[in-house]
Every structure is written in C-alpha cells, then in structure tokens.
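Here is a guided walk for anyone opening this structure for the first time. Take a moment to turn the model around, and then read on.

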Amino acid sequence: MFYLLGLLGGFAVSNQSPINARLGGALKSPFRAAFLSFSLGVVFLGVLAFIQNPHFLGDIVALTKTGQPWWIYSAGIFSMLYQTSNILLFKNVGAVKTVVLPTLGQVVMSMVIQTFGWVGAETVALTAIKVAGVILAIIGVLVAVVLSARLENKTGSSQGSSVFWHVWGIFTGMFASFQQAITGHLGHLLGAPVDGAFVSFVGALNLLTILVAFKERPFFNRDGMKAAPWWSFLGGIPGSLFVFFIGIVVPVLGPGMGAILGLMGMLIGTIIVQQFGWYQSVKKRVNVMQIIGIVIMVVGVVMIQVL
C-alpha cells in the first residue's frame, strides 16, 4: 500500500502543471492561476490537518514562541517560485521537460543540502556512488532533452528564450529541494508532515496575494474565469495529495524510497499527459530518446537516494 501511495502521489502532482497552465492561459496570468491553486491547497490541507489534529493551529502558533530560526517559515517562498515556474515551464518546454529538468536541479541541490546539513536536514556523507549517480542523472537529462530534440529534427541552435527556460527548469528543481527540506523539518517540529505543508502553502498564498494585488489589474479576471473549464480550478488538490501521500510514505519506507516512488509516478503521469494531450495540452508522442534518458536518470536517482 505504501509503495502504491508513493506512486499515486507522484502521478497526482504530474497532473498539476497542465491543469494550472490551462488556468493560467485562461486568466492571462500564471500568478492568478497559482493564487487560486494555492487557495484550494490551503483549504484542502487545512481540512486534512484538522482531521488529524483539531488543535493544529494552536500547535503552529505555539511553535512561533519557541525561538526557532526564521527560515523554518520560509518554505512558502520556494513553493511560490516552484509552482509559478512550473506553469511557465509547461507552456514553454512541454510536459516531459517540465519534470525532467527540475528533477536534475532537485537531485543536485538535495545532495548539496544533505551533504552540508542545510535547513535542518540530516547530514549524509558524500560518496563516490552518489557522485556517479549525479553524473548519470545529468547524462539522462542530456539524452532526454538534447538527443530527443535532434531525433525530432530540431535545430541545434536554440533560441535564447528556449535556453533560458531550460536553465530555469533546473533552478525550479532547486527551489523544490529547499521547499521540501524546510517543509519536512517544520513538519518534524510540529509532529505532523501535513502541518508543515499547510504552513508552506499559507506562506506561498500570502506572497501570491501581494504579488497579484500589485501586478494584476483587476485582481480577478472574471471573463477568464468564466471561460476556463471547471477542472482547471482544481490544480491545488494534486499538489496537496502529493504532499500528503509522501508524508505518509517517508516515515515507513524512508526519504530515498519516497523520492524514487514520487519521481517514478510523476514520470509515468507526465508521459501519459503528453501522449494523450490531457487537460487540452499539446498532444505529442514520447520518443525513444526521452524514454532512454528517463531510465538513465531514474538509475542515477536510485544510486543517490538508496546506495
């Protein structure tokens, strides 16, 4: 059951980017879409947290009085960056690359965080096998991105904007690493992973509220909301399910297996989304180089997380 939950968590979050990208297109703003996504996510996680512990808000307030460092409440910054970046990435580089590129950034930054024990993470020694795993992950990304582009007869001279989005995709994964590490540490302090996720989502929602209030006029695009399909407003639920499921899996199977199951579920879901054009996204067949690159990358992640 725990293995299935890990896969389902990854599969769920693979549906979030295309849903939010569709809403962002209708609202003509990725920030409006992220705001609505996090709003639903806060409600969803709040309900789950209340079911687990009706006094969870009191526990969060009590923690603020214990003199903890400021950064334990900063996960919302990285959540906001990760979510809005994913919406833009899906539009500019497609479904598979929206998973593959951030995964590379996440793998590298997660190893750095664990090696130096940043943001409360348990220190893990850097070994030759882990370094080899990173190298394999990089090779896998190059195969899935560069060689697959050549297989599709794309020119090797990408436009500047394309290069920018590929690089930004890697940074997006780095944001995710910090968000997960800080949220995990906060969940540990609160005694419940869902409580840490709730605080992260609330922080991101507050930042997005300020951003949309200053950047977008009007705050809500009512015409866009009327034109958007009903399912495009549900993007906050898959992300919340991922946090909830992985929070159940990690204490039982460990963080390494949790990361691998989440990644595998995410890749399976992303391939299905792209292959069949779910959520009115561009329908595009997955080519053999993408599959080979993904397999190499998964082997690299296994070496880093397990060996």
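**A walk through the helices**

Helix α7 has a kink of about 30 degrees, centred on Val143. Keep in mind as you look that this is a predicted model. The helix runs through residues 128-151, 24 residues in total. From its first C-alpha to its last it reaches 33 Å, close to the 34 Å expected at 1.5 Å a residue. Val143, at the centre of the kink, is one of the buried residues of α7, and others include Gly133, Ala137, Gly140, Val141 and Ala144.

Let us stay with Val141, since it leads to the next stop. Leaving aside residues up to four places away in sequence, Val141 touches Val100, Leu101, Leu104, Val146 and Met297. The largest nonpolar core has 66 residues, and Val141 is among the four that touch the most other members, together with Leu45, Val100 and Leu267. Which helix gives the most to this core? That is α3, spanning residues 30-52, with ten residues. Apart from the largest core lies another one, of ten residues, including Tyr82, Ile113, Phe175 and Ala176.

Now for the empty spaces. The structure holds three cavities of 30 Å³ or more, and about 140 Å³ of space lies in the largest. This largest cavity is lined by 16 residues, of which Val13, Ser17, Thr98, Val99 and Met266 are the closest to its centre. Five helices each supply at least two residues of the lining: α1 (2-14), α2 (16-27), α5 (75-93), α6 (95-116) and α12 (255-276). The helix that gives the most to this lining is α6, with six residues.

A few single residues are worth a visit too. Is Leu186, in helix α8 (residues 160-190), buried or exposed? Its relative accessibility is 2%, so Leu186 counts as buried, the cut-off for that being under 20%. Apart from residues up to four places away in sequence, Leu186 touches Leu63, Ile72, Gly196 and Val199. Leu186 and Trp71 are 115 residues apart in sequence, with 9.8 Å between their C-alpha atoms.

Ile77, in helix α5, is partly exposed because its relative accessibility is 39%. Between the C-alpha atoms of Ile77 and Pro102 there are 17 Å, and these two are 25 residues apart in sequence. Val306 sits in the segment after α13 (288-305) and is partly exposed as well, at a relative accessible area of 46%. Val306 and Ile129 are separated by 177 residues in sequence and by 9.9 Å in space, C-alpha to C-alpha.

Our last stops are in the loops. Between α9 (193-215) and α10 (222-227) you will find Pro218. The peptide bond leading from Arg217 to Pro218 is cis, with omega near 0 degrees. In the loop between α2 and α3 is Lys28, which has a positive phi, near 60 degrees, and is not a glycine. Lys28 has a relative accessible area of 68% and is therefore exposed, since exposed means over 50%. Tyr279 belongs to the loop between α12 and α13, and it has a positive phi of about 60 degrees although it is not a glycine. With a relative accessible area of 23%, Tyr279 is partly exposed.

Conventions:
Residues numbered from 1 in each chain as written. Predicted model: local features only at pLDDT ≥ 70, side-chain atom pairs only at ≥ 80, totals over all residues. Heavy atoms only, no water. Helix = DSSP H or I, 4+ residues; strand = E, 2+ residues; numbered from the N terminus. Expected span 1.5 Å × (residues − 1). Bend = angle between axes of the 7 residues up to and from the residue. Buried < 20%, exposed > 50% of the residue type's maximum accessible area, 1.4 Å probe, protein only. Core = buried A, V, L, I, M, F, W, Y, C linked by side-chain atoms within 4.5 Å. Contact = heavy atoms within 4.5 Å. 1 Å grid on protein atoms, 1.4 Å probe; cavity = no way out; pocket = protein on both sides within 12 Å on 5 of 7 lines; lining within 4 Å. Points joined across faces, edges and corners; volume = space filled by probe spheres on them.
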